[in-house]
Amino acid sequence: YSLLRCRLASRADSYPDQAFETMILLEQSVKAVGIAELLTNPVRKVQVLLLMAHLLTERNQQHQEAAQLMKRAMVVASLIERTSEKDEASSSLASSLALAQQWHEAERVIASIQSSYSQAEALSSLASSLAQAGEQEAAKRTWQEAERVWQKAERVIVTIQDSNWQAEALSRLASSLAEAQQWQEAERVIA
């Protein structure tokens, strides 16, 4: 049994995202979910589950099945042990939740992100989503939180002893600020 499962898992890992998308479009969601459950990389599993949830909502209007996939993605993300992988999966999850206008759930997931950079990027993305949806007051609060996280990230970066690592971290922070159209802050960071 375990040999068969290993062979199936290895075969599932070779499926590109487009294959899952095609199965959803062909209304073979049960098959797509079954194959997704065999994926061995938990971050990819979360991303594929979220992709399928988005497609189900967008194309077929199957909100209940999409909600189940989102919940499953949350469970998979919560079980990831490596911090960097957990942060990557949580960032993807927060993006999907924001896209689905589940603002409070997205904020909760973002709060669990350990990396200051990833958290700041996720918060700025959430703030943009809120602003686009007309949720001005919530967007303002989220921007303030993003700014606080960016400031925290900068404080951590200046303590890095290795000048190459510090330069890389400052560059990433400046990129994150620029993506959020915080031009003056980005210029200040790289100056």
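The lining of the second largest pocket divides into 7 nonpolar, 5 polar and 1 charged residues, and this pocket, in what is a predicted model, offers a convenient place to begin. Its volume is about 230 Å³, and of the 13 residues that line the second largest pocket, those closest to its centre are A53, H54, T57, A66 and A100. Three helices, α4 (42–60), α5 (63–78) and α6, each contribute at least two residues to this lining, and among the contributors α4 gives the most, with 5 residues.

From here the reader may turn to the largest pocket, which holds about 290 Å³ of space. Its lining is formed by S84, D87, S115, Y117, S118, E121, W165, E168, A169 and R172, a set that divides into 3 nonpolar, 3 polar and 4 charged residues. At least two lining residues come from each of α6 (83–99), α8 (116–132) and α10 (163–179), and the helix that gives the most to the lining of the largest pocket is α10, with 4 residues.

The helix α10 deserves a closer look. At 1.5 Å a residue, its 17 residues should span 24 Å, and the C-alpha atoms at its ends are 24 Å apart, which agrees with that expectation. Within α10, the residues A169, L170, L173, A174, S176 and L177 are buried; seen down the helix axis, the buried residues of α10 fall within an arc of 160°, so they line one face of the helix. Such an arrangement can be read alongside a general feature of helices: an α-helix has 3.6 residues a turn, so residues three or four places apart point the same way. The buried residues of α10 pack against α8, α9 (136–157) and α11 (183–190), whereas the face turned away from the buried side carries the exposed residues N164, R172 and E179. Of these residues, R172 also belongs to the lining of the largest pocket, as does the buried A169.

The neighbouring account of α9 can be followed in a similar order. Its 22 residues should span 32 Å at 1.5 Å a residue, and its end C-alpha atoms are 31 Å apart, which agrees. The buried residues of α9 are A138, A139, T142, A146, V149, W150, A153, E154 and I157, and, seen down the axis of α9, they fall within an arc of 150°, so they line one face of the helix. The cover over these buried residues includes α7 (103–111), α8, α10 and α11, while on the other side of α9 the residues E137 and R155 are exposed.

Conventions:
Residues numbered from 1 in each chain as written. Predicted model: local features only at pLDDT ≥ 70, side-chain atom pairs only at ≥ 80, totals over all residues. Heavy atoms only, no water. 1 Å grid on protein atoms, 1.4 Å probe; cavity = no way out; pocket = protein on both sides within 12 Å on 5 of 7 lines; lining within 4 Å. Points joined across faces, edges and corners; volume = space filled by probe spheres on them. Nonpolar A, V, L, I, M, F, W, Y, C, P; charged D, E, K, R; others polar. Expected span 1.5 Å × (residues − 1). Buried < 20%, exposed > 50% of the residue type's maximum accessible area, 1.4 Å probe, protein only. Arc of directions from axis to C-beta. Contact = heavy atoms within 4.5 Å.
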